[in-house]
Amino acid sequence: MRPPPPSPLPASSAASDAYPTQLVATLPLDPEGRTWLRLDGPGGSEAWLIGWPPGTGTGWHDHGGSYGAFATAAGSLREDSLAHRLPTDGRTGTTLDLPGGVDRTRELSPPQGRAFGPHHVHQVLNTADHTHAVSVHAYYPPLPLMRRYSRSGQALRLEQIERPEDWQ
């Protein structure tokens with residue numbers, strides 16, 4: 001029997017305090033690709049426990065208008081984000097020229113985390129050479145879609161729109 005899902009993690013909480021160690025241990029870790037486990041959260045939210053092999057990342061993306069938070073439960077992750085609100089109604093192939101000074105980078109080790117709003121665009125990376133990372137991500141409302149972007153210098157291009165059936 002699976003343990004009851006935990007409540008979504010506030011950015012200021014310690015991942016190890018909010019998520020039982022045994023739940024983190026149930027996540028299968030793959031040496032080459034990310035792994036994940038979806039959990040139902042309270043009040044209609046959802047959470048994801050994600051395993052990150054060394055050198056893996058998400059690529060640039062948003063969360064389809066959902067509010068969210070994530071925290072590192074093991075290892076270390078780097079988040080690159082944009083301090084710039086993007087239009088949310090773009091079509092694939094649309095390119096946006098970003099102004100200078102919008103890039104932000106932060107390193108997150110246990111128990112560090114962060115919350116973000118519905119217009120957040122970022123990429124998350126495990127830059128370690130030999131160590132897996134594990135993180136917990138929570139979203140409300142549950143992810144209706146994710147927009148995937150490519151980036152070349154200050155140009156951000158909407159490449160793909162994914163729906164839940166694409167990753168569940």
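Which strand gives the most to the lining of the largest pocket? We'll get there after a quick walk through the fold; the model is a predicted one.

## The chain overall

The protein chain holds 2 helices and 12 strands. Going along the sequence, the pattern reads α-α-β-β-β-β-β-β-β-β-β-β-β-β.

Of the 168 residues in the protein chain, 41% are buried. If you take the contacts between residues at least 6 apart in sequence, 74% of them join residues at least 24 apart. As for surface, the protein chain has an accessible area of about 8,500 Å², and carbon and sulfur atoms account for 51% of that.

## The five-stranded sheet

In what order do the 5 strands of the open sheet sit? The order is S1-S2-S10-S4-S8, with antiparallel pairing. Strand S1 (35-40) and strand S8 (113-116) are the edge strands, each pairing on one side only. On average, neighbouring strands of this sheet are turned by 15° against each other, if you ignore direction.

Inside this sheet, strand S2 (residues 46-52) and strand S10 (residues 133-140) run antiparallel and are joined by 7 bridges. To find a spot to look at on that seam, pick Leu-49, which stands opposite Val-136 in S10.

## Gly-51, a glycine in S2

Gly-51 is in strand S2. Buried or exposed? Gly-51 has a relative accessible area of 0%, so it counts as buried. Not counting residues up to four places away in sequence, Gly-51 touches Leu-27, Leu-29, Arg-34, Thr-35 and Ala-133.

Pro-28 makes a handy distance check here: Pro-28 and Gly-51 are 23 residues apart in sequence, yet their C-alpha atoms are 7.6 Å apart in space.

## The largest pocket

Back to the opening question: S2 gives the most to the lining of the largest pocket, with 3 residues. Strands S2, S9 (122-125), S10 and S11 (146-152) each supply at least two residues of that lining.

The volume of the largest pocket is about 280 Å³. Its lining has 17 residues, and those nearest its centre are Arg-34, Ile-50, Tyr-139, Met-146 and Arg-148. Arg-34 should ring a bell, as one of the residues that Gly-51 touches.

## S9 and its partner S5

S9 is one of the strands that help line the pocket. Both of its faces are covered: His-122 and Val-124 are buried on one side, and Gln-123 and Leu-125 are buried on the other. That back-and-forth split has a simple background: in a regular strand, side chains alternate between the two faces of the sheet.

Strand S5 (residues 77-82) pairs with S9 in the antiparallel sense over 4 bridges. Along that pairing, Leu-125 in S9 has Arg-78 standing opposite.

## The S11-S12 hairpin and S6

S11 and S12 pair in the antiparallel sense, with 7 bridges between them. Together they make a hairpin with 2 residues in between, and Gly-153 in the turn has a positive phi of about 60°. Arg-147 stands opposite Ile-161 in S12.

Strand S12 (residues 155-162) also pairs with strand S6 (residues 95-97), again antiparallel, over 3 bridges. On this side, Leu-96 has Leu-156 as its bridge partner in S12.

## Leu-158, a leucine in S12

Leu-158 lies in strand S12. Its relative accessibility is 4%, so Leu-158 counts as buried. What is it in contact with, leaving aside neighbours within four places in sequence? The list is Gly-90, Arg-91, Thr-92, Gly-93, Thr-94, Arg-147, Arg-148 and Tyr-149. Of these, Arg-148 is also among the residues nearest the pocket centre.

Arg-91 and Leu-158 are 67 residues apart in sequence, while their C-alpha atoms are 6.9 Å apart in space.

## Two cis peptide bonds

Which peptide bonds should you check for cis geometry? One runs from Pro-110 to Pro-111, with omega near 0°. Pro-111 sits in the loop between strand S7 (103-108) and S8.

Another cis peptide bond joins Tyr-140 and Pro-141, with omega about -10°. Pro-141 is in the loop between S10 and S11.

Technical notes. Residues are numbered from 1 along each chain as its sequence is written. This is a predicted model: local features need pLDDT of at least 70, side-chain atom pairs count only at pLDDT 80 or more; totals for chains, interfaces and linings use all residues. Side-chain values use heavy atoms; hydrogens and water are left out. Two strands pair if DSSP finds at least two bridges between them. Axes are lines fitted to C-alpha atoms, for helices over the stretch in contact, and angles run from 0 to 180 degrees between N-to-C directions. Buried means under 20% relative accessible area, exposed over 50%, partly exposed in between (1.4 Å probe, protein chains only). Contact means heavy atoms within 4.5 Å. Accessible areas come from the Shrake-Rupley method with a 1.4 Å probe; for residues, only the protein chains shown count as cover. On a 1 Å grid over the protein atoms alone, a cavity is a set of points where a 1.4 Å probe fits but cannot get out, and a pocket is an open set with protein on both sides within 12 Å along at least five of seven lines; lining residues have an atom within 4 Å of a point. Grid points are joined across faces, edges and corners, and a volume is the space filled by probe spheres set on the points.
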